[in-house]
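Got the viewer open? Let's walk through this model stop by stop, and I'll tell you what to select at each one.

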Amino acid sequence: MQFKQAFALALSLLPVAVLARDEKSEKRGTLAPVLDRTRRAAVVFAPYRYGDILWENDRTAHRIYGRPLEKAEPPSSSGIDAWGKNVRWPFMDRQLRTGDQHSDHGEGVDFYNVHSFRGAGGLGIWYDNKLWVSRNYARYRIIDDGPVTASFSVDYDRWPVDVVRNVWETRRFTLPAGTNFTRMVSTLKSDKPGDLVVGIGISKHPTDETKRGTFTVDRAAGRLTWWGPTNPTKGTMGVALLVDPTAIVDVTADADNYLVLLRASPGKPFVYYMGAAWDRGLDVHSQQDWLAMVRAAKTDFRP
């Protein structure tokens, strides 16, 4: 790990009280002015927020959570967060530093609640009709910080699949400018031989605890699309998964997630895409827009 990344990771492990003092140095709730309005992709490691990794481009924005958050805000999750965005330049880092990312300050808003679920495209191992999931990511490497592409990889430490095996994962995330879809290359390893059934999920209730929105499946094309219920003050989120249709075992659900099940082999990378949109953003304004964008998305499932 490079010195700069190692130093940033060390900062993320500082006591919560120290982090809190650092955050108080910012004026809470005030979004810093944008200094560069260049259309670009970007990825940021956020030690001030327990090691979140933020990535975005000119259309969409996401984050995943570091291990320090597990103690600070349990239960945490290895799921994927999605933010609404209505500007072409990066805004997530400035918004997160306000300590009030759940309010719309004019450039976007975080109102997609991952909790301990899969969020927008998190995965687990499906065994005995249950999804066995990892803890938050353990290590990261920024590969490309834009402006054309945001790319990084993370390691998820080993986790148990019932009592039959342990698995661990390295996953690379790549989001070019000009698309709503992050390409992910996952490599799972196992202490026991034999194929795995991977469950990739979309949370059922990320923006409303009582309403599920609309879930649409095109199994032949490997496209799963969710369009959420409308929040009267914050709008509507859409999420989609794009998978290799030849790898699909089944489409199912558990109590918290819609799931597509894929067969994977330990040590052999597989590719899937995750995308999100906000109806108050610049490119998608309705469920019909989102369905059309998902259908038209280009994919390459070669690792």
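Start by selecting Ile142 and Phe152: Phe152, in E9, is the bridge partner of Ile142. Keep in mind as you click around that this is a predicted model. Now widen the selection to the two whole strands, E8 and strand E9 (residues 149–161); they run antiparallel and are joined by six bridges. What sits in the hairpin of E8 and E9? There are three residues between the strands, and one to click on is Gly146, which takes a positive phi near 80°.

Next, bring up the whole sheet. It's an open one of eight strands, paired antiparallel, and you can trace it in the order E8-E9-E10-E11-E18-E15-E14-E13. At the edges you'll find strand E8 (139–145) and strand E13 (214–218), each pairing on one side only. Turn the view to look across the strands: from one to the next, the twist averages 20°. As background, strands of a sheet pair through backbone hydrogen bonds, so switching on the backbone atoms helps here.

Stay with the sheet and pick strand E10 (residues 165–176) and strand E11 (residues 181–190). This antiparallel pair is held by eight bridges. For one pairing to look at, select Val167, whose bridge partner in E11 is Ser190.

Now add helix H5 (residues 287–296), which packs on the sheet. Which strands does H5 touch? Colour E11, E13, strand E14 (223–227), strand E15 (237–243) and strand E18 (270–278), and you have them. The direction of H5 makes about 160° with that of E14.

Time to look inside. The model has one cavity of 30 Å³ or more, with a volume of about 100 Å³. To find it, select Arg59, Lys85, Asn180, Trp278 and Gly281, which are the closest to its centre of the 17 lining residues. Strand E4 (81–85) and E18 each give two or more residues to that lining. What is the lining like by class? Seven of the residues are nonpolar, five polar and five charged.

Last stop: Asp250, in strand E16 (residues 248–253). Buried or exposed? Asp250 falls in between: with a relative accessible area of 33%, it is partly exposed. Show what surrounds Asp250: setting aside neighbours within four places in sequence, its contacts are Arg219, Leu259, Val260 and Leu261. Finally, draw a C-alpha to C-alpha distance from Asp250 to Arg263; the two are 13 residues apart in sequence and 9.6 Å apart in space.

Technical notes
Residues numbered from 1 in each chain as written. Predicted model: local features only at pLDDT ≥ 70, side-chain atom pairs only at ≥ 80, totals over all residues. Heavy atoms only, no water. Helix = DSSP H or I, 4+ residues; strand = E, 2+ residues; numbered from the N terminus. Buried < 20%, exposed > 50% of the residue type's maximum accessible area, 1.4 Å probe, protein only. Contact = heavy atoms within 4.5 Å. Pairing = 2+ DSSP bridges. Axes fitted to C-alpha atoms, helices over the stretch in contact; angles between N-to-C directions. 1 Å grid on protein atoms, 1.4 Å probe; cavity = no way out; pocket = protein on both sides within 12 Å on 5 of 7 lines; lining within 4 Å. Points joined across faces, edges and corners; volume = space filled by probe spheres on them. Nonpolar A, V, L, I, M, F, W, Y, C, P; charged D, E, K, R; others polar.
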